[in-house]
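Visitor: I have a chain open here and don't know where to begin. Can we go through it together?
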Amino acid sequence: MKPWSACRFMAAVVIALVTAPADVEQHAIQAEYEMSKTGSFTGVMTRFAMINPHCRWFFEETTADGTKVTCDMSGAWPGALRAAGLVRIFQIGSTYEVTFAPAKNGARVGRVRTMKAPDGKVITLFHEDPTNPLNN
């Protein structure tokens, strides 16, 4: 490639990167979840995934009739959990009591609010009122 062609190519790449629309796809949790409602279940954590844009927890709940159902909960972005020191506290195979905002479409998914660990520690992952983080 000639030097002048290389300069034009690089200029075109820089212009394309600068003028390209940013990835601004964001969504409000209120659009996906019934934030005015609270669901709960007790289940065994089967998987924990830190995949942008949200962390996800997967549980297996045994219903009253003995049926096993899976529950998929989402929460904050991975960086928020890292910053709060919450990455290594979740134990696969342990039983948690979970409260969540249910999905508007009725699916077995939700926005996690709290998890009560086997040792009794309550982990709050969503505050109803950010000015009152203890929800009291």
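Guide: What follows is a short walk through the chain, from confidence and layout to single residues. Bear in mind that this is a predicted model.

Visitor: What is the mean pLDDT of the chain?
Guide: The mean is 79. Of the residues, 73% reach 70 or more.

Visitor: Where is confidence lowest, and where is it highest?
Guide: Confidence is lowest in helix 1, residues 3–19, with a mean of 48. Strand 4, residues 95–102, has the highest, at 95. Over residues 11–26 the pLDDT is below 50. That stretch has zero contacts in the model beyond near neighbours in sequence.

Visitor: OK, layout. How many helices and strands are there?
Guide: The chain has three helices and six strands. Their order along the sequence is α-α-β-β-β-α-β-β-β.

Visitor: How much of the chain is buried?
Guide: 31% of the 136 residues count as buried. The accessible surface of the chain is about 9,100 Å², and 58% of that belongs to carbon and sulfur atoms.

Visitor: What share of the contacts comes from residues 24 or more positions apart?
Guide: They make up 50% of the contacts with a separation of 6 or more.

Visitor: Which residues have the most contacts inside the largest nonpolar core?
Guide: Those are W57, F59, M73, F90, V98 and M115, in a core of 20 residues. At least two residues of this core come from each of strand 1 (39–51), strand 2 (54–62), strand 3 (68–74), strand 4 and strand 5 (109–116). Another core lies apart from it, with six residues, including I29, M35, A101 and F126.

Visitor: Why would such residues gather like that?
Guide: As a general tendency, nonpolar side chains in soluble globular proteins are buried together.

Visitor: Let's pick single residues. Is M45 buried or exposed?
Guide: M45 counts as buried because its relative accessibility is 0%, and the cut-off for buried is under 20%. M45 is in strand 1. Beyond four places in sequence, M45 touches W57, F58, F59, F90, Q91, I92, G93, S94, Y96 and M115.

Visitor: How far is M45 from T95?
Guide: Their C-alpha atoms are 6.3 Å apart in space, while the two residues are 50 apart in sequence.

Visitor: Y96 was in that list of contacts. Where does it lie?
Guide: Y96 lies in strand 4. Y96 is buried, with a relative accessible area of 1%. Setting aside neighbours within four places, the contacts of Y96 include F41, T42, G43, F59, I89 and P118.

Visitor: What does the side chain of Y96 reach?
Guide: The side chain of Y96 comes to 2.9 Å from the backbone nitrogen of Q91.

Visitor: And how far is Y96 from T114?
Guide: C-alpha to C-alpha, 9.6 Å, with their positions 18 residues apart along the chain. T114 is in strand 5. T114 counts as buried at 18% relative accessibility, because the cut-off is under 20%.

Visitor: Which side chain makes a polar contact with T114?
Guide: The side chain of T99 does, at 2.5 Å. T99 is also in the list of residues that T114 touches beyond four places in sequence, along with E97, V98, V122, I123 and T124.

Visitor: Something else in strand 5: is R111 buried or exposed?
Guide: R111 is buried, at 9% relative accessibility. Leaving out neighbours up to four places away, R111 is in contact with residues including I29, Y33, H54, F100, A101 and F126. R111 also contacts S74, and the C-alpha atoms of R111 and S74 are 5.1 Å apart, at 37 residues' separation in sequence.

Visitor: Where is A103?
Guide: A103 sits in the loop between strand 4 and strand 5. A103 is buried, with a relative accessible area of 9%. Outside the four nearest places in sequence, A103 touches E32, Y33, E34, V109 and G110.

Visitor: Last topic, cysteines. How many disulfides are there?
Guide: The search of the whole structure finds zero. As for single cysteines, C55 is buried with a relative accessible area of 0%, and C71 counts as buried at 3%.

Notes
Residues are numbered from 1 along each chain as its sequence is written. This is a predicted model: local features need pLDDT of at least 70, side-chain atom pairs count only at pLDDT 80 or more; totals for chains, interfaces and linings use all residues. Side-chain values use heavy atoms; hydrogens and water are left out. pLDDT is the predictor's confidence in each residue, from 0 to 100. Helices (H or I, at least four residues) and strands (E, at least two) are DSSP runs, numbered from the N terminus. Contact means heavy atoms within 4.5 Å. Buried means under 20% relative accessible area, exposed over 50%, partly exposed in between (1.4 Å probe, protein chains only). Accessible areas come from the Shrake-Rupley method with a 1.4 Å probe; for residues, only the protein chains shown count as cover. A nonpolar core is a set of buried Ala, Val, Leu, Ile, Met, Phe, Trp, Tyr and Cys residues joined through side-chain atoms within 4.5 Å. A polar contact is a pair of N or O atoms within 3.5 Å; within protein, one must be able to donate a hydrogen and the other to accept it, and residues adjacent in sequence count only if both atoms are side-chain atoms. A disulfide is a pair of cysteine sulfur atoms within 2.5 Å.
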